Structure formats: C-alpha cells, structure tokens
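Please open the model in your viewer and keep the sequence panel visible. The tour below proceeds by selections, each followed by a description of what is found there.

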Amino acid sequence: MSSFAEPIVQYASPSPGERVAYRQSPGKSPGVIFLPGLMSTMEGTKAVALERYCREIGHSYVRFDYRGYGMSSGKSQECTIGMRKEDVITILNGVAKGPQILVGSSLGGWISLLLATSKPDQIRGLIGIASAVDFISRRYETLPREVKREVERTGKWIIHSQHSEEPYVLDSIVIEEARQHVLQENELYPICCPVRLLHGMKDSDVPYQVSLDLVNQLESDDVHLTLIKNGGHRLSDPHNLQLLKKTLGHLIDQRFVGAGSDIVPIKPPKTPIVKIADTFIPQVGNVSKQETTNVNQGETVDDTGAKGITGGEPADELTKERRNFIKRMMEHAWNGYVTYAWGGNELKPISKSRHTASIFGASSSGATVVDALDTLYIMGMKDEFERARKWVAMSLDFNHASDVSVFETTIRFLGGLLSAYAFSGEEVFKVKAKEVGDKLLPAFNTPTGIPWAMVNFASGSGHNWGWASGGCSILAEFGTLHLEFVYLSKITGDPIYAKKVYRVREVLDQIDKPNGLYPNYLNPRSGVWGSQHVSLGALGDSFYEYLIKTWVMSGKTDNVARRMYDKAVEAIERMLVQRSRLSNLTYLAEYKFGRLEHKMDHLACFTAGMFALGAKGSRNEKHFINLGAELANTCHESYRKTATGIGPEAFRFEGPHEAVGLRSGERYYILRPEVIEGYFYMWRFTHEPKYREWAWEAAQNIEKYCRVEAGYSGIRDVDSSAVVHDDVQQSFFLAETLKYLYLIFSDDSLMPLDHWVFNTEAHPIPVIGKMESR
C-alpha cells in the first residue's frame, strides 16, 4: 500500500463560471502534466500511476479533468478540441508554472502536440501514448455514408467503444471544430522538443500507423517511437505502466541537466529512433525521415524503389491518348468501389454493394484497396493512393477467425503490401506485410512442409479443399509463394519466411516427376502426387511462372530455379505444346491420365510472357521468343473469334473448331488479365506494334461490354453481344488488367524489367540483385 496521501482536488477557471478540476503534487522541474483521453478522467490508471512515480523521483505533477468530464464543469458532448486545449493552457498558466513535460494519452496525445506548438518555451518534452492525432476527423471520414447522414440529421455522433458500456456522444459542432486543428498535407508540427511515442500494435481504436506517420510530421530530431507487440489501446497493464515510467524517467534523466528554471537540454541525436518492444520484428534503429534502414543488414531497403515507378509518358500523341484512356478506366473502377464498397473485398457494380468470396474468409478485408495500391501509385493517382494508405493503416486487420486461401492472401494482400512498401518506403506496409506473413506461417506445419490451401487466422489450423484429389494441396497454390516470402525475409531480416518456401522448392526438386511433368496435386502428408492431371492453366499455371521469376528476382543467380524451369519447359514442349491442324495455331494442351485434352485456359495465356521472359539465359533465345509470340497470337485469336471481341475462360481445338469456347460453362469472362499480360511482355521484348494494337482492341471491347454505371463487370457469355453481366468487379481487374494495359502504352522506363519482377497478381517486387548493387 502506498504511503502517499492523494492530493486534494482544486479548481482553476478557464473562463467566468467554468472550472477545471485538478490534483497537484509539488516537486522540482521539469514538471509533468498528464492529459487524459477522449472520455477519460484524472482518476485513470495511468494518471494515478504517474503521479506516484513523479512523487518518488521528486518531480512536480498535475493531473486534471477536461471540462465536461469528472469533477470539472460543462457537458462532455460539447467539449471541443479547442476547449480541451484551453483547459491545458489554464493549467500551464496558473498551476504548473515553469518547464513542463506533457504526457498525453490517446486524444490527450494530440492535444499535447497542439500545446507544444503554441507554448514552445514552456513545453520541454512530450510523451504520447497511442496518440490519436486528428482522431475525430480521421474516424469520421471512415464512416459509411448512411452513418454520416444520420449524424447530419440528428446533430449527434454516437461512438461505440469496447472500453465503455455506454457509447460516446459528440455534438456535430465538435466534428466541425476538430477540422480546424487537423494538420494539412505536407505540413509539419513545429515542435523541437524531445518526443517519446508509445503505441500498441494491437490497438483497434487508433492504429499504430498514426504514430509511425507522426514521426515524419515532427520537426524535432529527438523522436523515439516504441511499438508494443501485444499492446492494445490503453497500455495500462503493469508491464506497460512500467514501460511508461521508464520512458518518462529516461526522458528526464537523459535529456536534461540541472533542476528548476535552470534546466539545460542535452544535445539530441540527429535522427529519430523506432523500436519494437518484445521483438515483434527485428529492431530498427536510427531511422531517418527519408529512408528506412535495416540495421541487421546495414542497407537501405526502400531506396531500391527509386527507379522506374512513376512517369513513363510515351512520346507519340496517339499512345499518350490511349494511356490516358486506360487511366480513366482505372478512375471509374476505383471511384465505384470507393463509393459503394469501401472497405469491402470487391464491388458489385450493378447492385452497388460489396462482394466477397470464400477465398477471403468471412471478413471484409479490403482486398480491392490492397490490390490497387501499386496501380494507383504507378498511374500517379496520389490522392487515391493516400486514401488507400490511410485505410490500410487504420482499418486493415488480420485478427479474424476465418479460413482464408493461403495462395490468394499471399499474392493479393502480401504481394500488394510488399509492392506498396517497395514503392513508398512507408513503414506501415512492411509491418502489415509481416503481420499477414506471420498469420500464414502455420499453414506450412505439415509433415512435408507443403502448405495447406486454407488456414484459419485465429487458430492457425489448416486444411485443403475437399474436391482437390483426396485432400491434396494444389501446385499453382503452394508453388506460388516464393517471390513474396523471400522478399519479406529480405526486408525484415527474418529468414523464417524464405526457409518455408525454400523447403517447398526442395520437395518439388527432389520428387520424381512423371514424364518430367508436375501434376497439379500433391499430398502434404505423404509427399505423393495425387491424380495425374498436368496443366499450365488452372491448378498449375503460376508454379511455372514463379520458377523463372525467382531466377530473375535473384539477379539471375538462383541456378536451382533456372534448372527446374528449363527442365520443366523441356517436358512441356515435348508433351503439351501442340499445333492445330487447320490454322497451325500453337497452344498448350492439358495432360489427363495418360492422354491429352486439347483445351487451353485463358489463364494459360500468361505463358506467352513467361516464355519471352525466360528466353534470355535459355538454350535458344530466339526460339522461345517465337514460342511466346505464337501463343500470344493464339490467345488473340480466342478474342477475335467471339461476338464481343473478348476471349472465353477456356477455348478448345476440336475438329473444325479452333481457339473457341465450345461449352457454355467456358464462355464467360471475369475481367481476367492473362491475354493482356502476354501482350505486355511481347511488347517489351519485341516492340512489334501489333501487341499495342491488340491491347487497344481488348481495352475498347472491355469498355464497351463490361463497363457499367459504377464500375466494370464480368460477362456470362462472350459469344453474345447482348451481354449479361455477372455483377462482380474482381480486385485483380485493378491490380492486373488495367496495370498491364497502362504499361503497354507507357515508355519502357516505367517499371523496367531489369529492376522489377511482377508477382502473379502483377504486384512489382524489386530484383534483389539490383537492391544489393545500389
């Protein structure tokens, strides 16, 4: 039991008839003032704990209640940011005179920043605990339109919180007034005193990205940010109270010499420091506001994104007009999503509502936001990218009890976050990427190391699709994780992710391959192949793509990946490459139980680009460029022969029918990119004008038949010009289809292929060999 007597309640008057209640403990300078959060009072756990600590070390301390709260006068719902600021000024002017350190919790952290800018001579240091910078405006802007309309109608904003049984209620005037205090874009807080920030990484009220952003919004060079791995919003448990006391003690001891009014600041370090408590990710130290350095590796990781991520305007006017047209398509798709499905996984552009699929689990995880990030960046849509970044920082959450696809989560979420980090250097993208990477790791807990298809984000349990050849894992899924996991290890310094995918590759390299081919199914328990079905379309496709791209990503030094690719291509040419009898069209058949099925998926049209990409370093570069060109031509034929000029999901070669969808279940189009992807690579490697023309034809037909009022929709039958829409705007339409179209009509200096490799969702990842040479 403490031997300290609690200070009596006293009152200060900010204006006639109003009063602010406070408790004061005397002591030496610098004094400490605690600023509570939105609905908190001076009797809170942190406020009382710091009082006892300050009395132990002999420093003066004040805790108080804002007007409308605790023992102060006024109504809580009418308490504006400006009023809270006035309350602290009242304490500073009349109670806690002399140099002070402000400790602000949540909204109090924001108020302390505003005070430090207006009273720099008196405020000698700041500690922000889950600082809710611009909280009211940030939170309000994320509300659904119907909630905003209700606030406008009633004049009241009702905020529900896990920290209180009763909701918080704010008058609309508080919302309007808060906008006056919002920091504008590219503006800095003119704060030069030492700043210490603490933030929980599991804070569901104020995402820790707010504090990460704040590091770069402060003029002060003496800034430390500590992220607490398992910390929530309040940070009031004994462990974090001890951290808070230690932070305050170090700030006083290490930054000031002397006492009373004669204290002298110690010279601060030149750069801010960010550290992660409890070793959540490798500690990052000496982090400047321009770059992020991995201390373990001694290298700047985001500097690799400097080459070729913006610009690329073509020289001729026609190509420039076409590129601008593609950008307008992106704007239409994005605006529809933002208006009608913001935060949802995908848009239903006809129903004007959210859409989700089983691959995403039961949660709305903003798949379109993450998938579109790098496309927005490449197209120079800066405001839209910033909006998406803020959503990722504040709302992207992987803490849900859902079964999600390991493959889809990797290529869309992990890939999208990694590209956004490589482009922007924004720390939030790396930290979020690590979060989702960690959530995916349990999927690899199988006897062979071959991951399950699905993993539950809460329990870590995994399983496979019931239809997948007796519970097998699927080649295109477990074989399409390498680029993302290796790059994640690269930027975090943690080898665990790379180890998992290298183990997968080791199993595949050592296992016997029937006829040199890789069947689509492998049992993760026994390591035995399932049914003998081989395809470069669905179920197999991107595994082969990642073999050659792993080699490219390594700076063309990963000889194992190159060998595996070359051997696979030998078997593919021997067994699957076919030519039609009437038109001599080159296509890739499927191998099923000892016989060929003369069908090629739209998905398999990526191989035009794959063969072109792998030509250099092969036994015959010209041969593989030609093979890519032949496949691109076949895929173009599948488009040319339909009523809409858009290709089907699959096309066959049977009798007189060549490159046409013969079965009703194969004639749909869901905004897929693979044909256009093939054109992109063929354009880059040959610069033959026909690839730009074919891409323009496809873009025009997508615009004609797939555009609807609120976005773009797939169509159910490409052979009918009276189209019936499926009412889904797939996230990959923004990630892949529109990106590849835009790049086709851009100069090659935008996303140069010697510096970037695209994952199977078209998210660019730096070539690691180039990273190390910079």
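**The two domains and the pocket between them**

Begin by colouring the two parts into which this predicted model is divided: domain 1 (10-134 + 178-253) and domain 2 (317-766). Taken over C-alpha atoms, the centres of domain 1 and domain 2 are separated by 48 Å.

Next, display the residues at the boundary. Six residues of domain 1 are in contact with nine residues of domain 2. The area buried between domain 1 and domain 2 is about 700 Å², and carbon and sulfur atoms give 56% of that area. On the domain 1 side, select P207, Y208 and Q209; these lose the most area to domain 2, together 58% of what that side buries.

Now show D213 and R389 as sticks. These residues form a salt bridge, with their closest N and O atoms 2.9 Å apart. Between domain 1 and domain 2, the count is one salt bridge.

Then turn to the second largest pocket, which holds about 1300 Å³ of space. To centre the view, select W391, M394, S395, L396 and D397, which lie nearest the pocket's centre among the 41 residues that line the second largest pocket. Elements giving two or more residues to this lining are α4 (135-141), α5 (145-154), α9 (317-341), α11 (382-395) and α13 (427-440).

Colour the lining by residue class: 15 residues are nonpolar, eight polar and 18 charged.

Finally, restore the domain colours. Where does the second largest pocket lie relative to domain 1 and domain 2? Both domains give residues to its lining, so the pocket lies between them.

Key:
Residues are numbered from 1 along each chain as its sequence is written. This is a predicted model: local features need pLDDT of at least 70, side-chain atom pairs count only at pLDDT 80 or more; totals for chains, interfaces and linings use all residues. Side-chain values use heavy atoms; hydrogens and water are left out. On a 1 Å grid over the protein atoms alone, a cavity is a set of points where a 1.4 Å probe fits but cannot get out, and a pocket is an open set with protein on both sides within 12 Å along at least five of seven lines; lining residues have an atom within 4 Å of a point. Grid points are joined across faces, edges and corners, and a volume is the space filled by probe spheres set on the points. Helices (H or I, at least four residues) and strands (E, at least two) are DSSP runs, numbered from the N terminus. Ala, Val, Leu, Ile, Met, Phe, Trp, Tyr, Cys and Pro count as nonpolar, Asp, Glu, Lys and Arg as charged, and the others, Gly among them, as polar. Domain bounds come from an automatic or database domain assignment. Contact means heavy atoms within 4.5 Å. Buried area is the accessible area (1.4 Å probe) that two parts lose on being put together, summed over both. A salt bridge is a side-chain nitrogen of Lys or Arg within 4 Å of a carboxyl oxygen of Asp or Glu.
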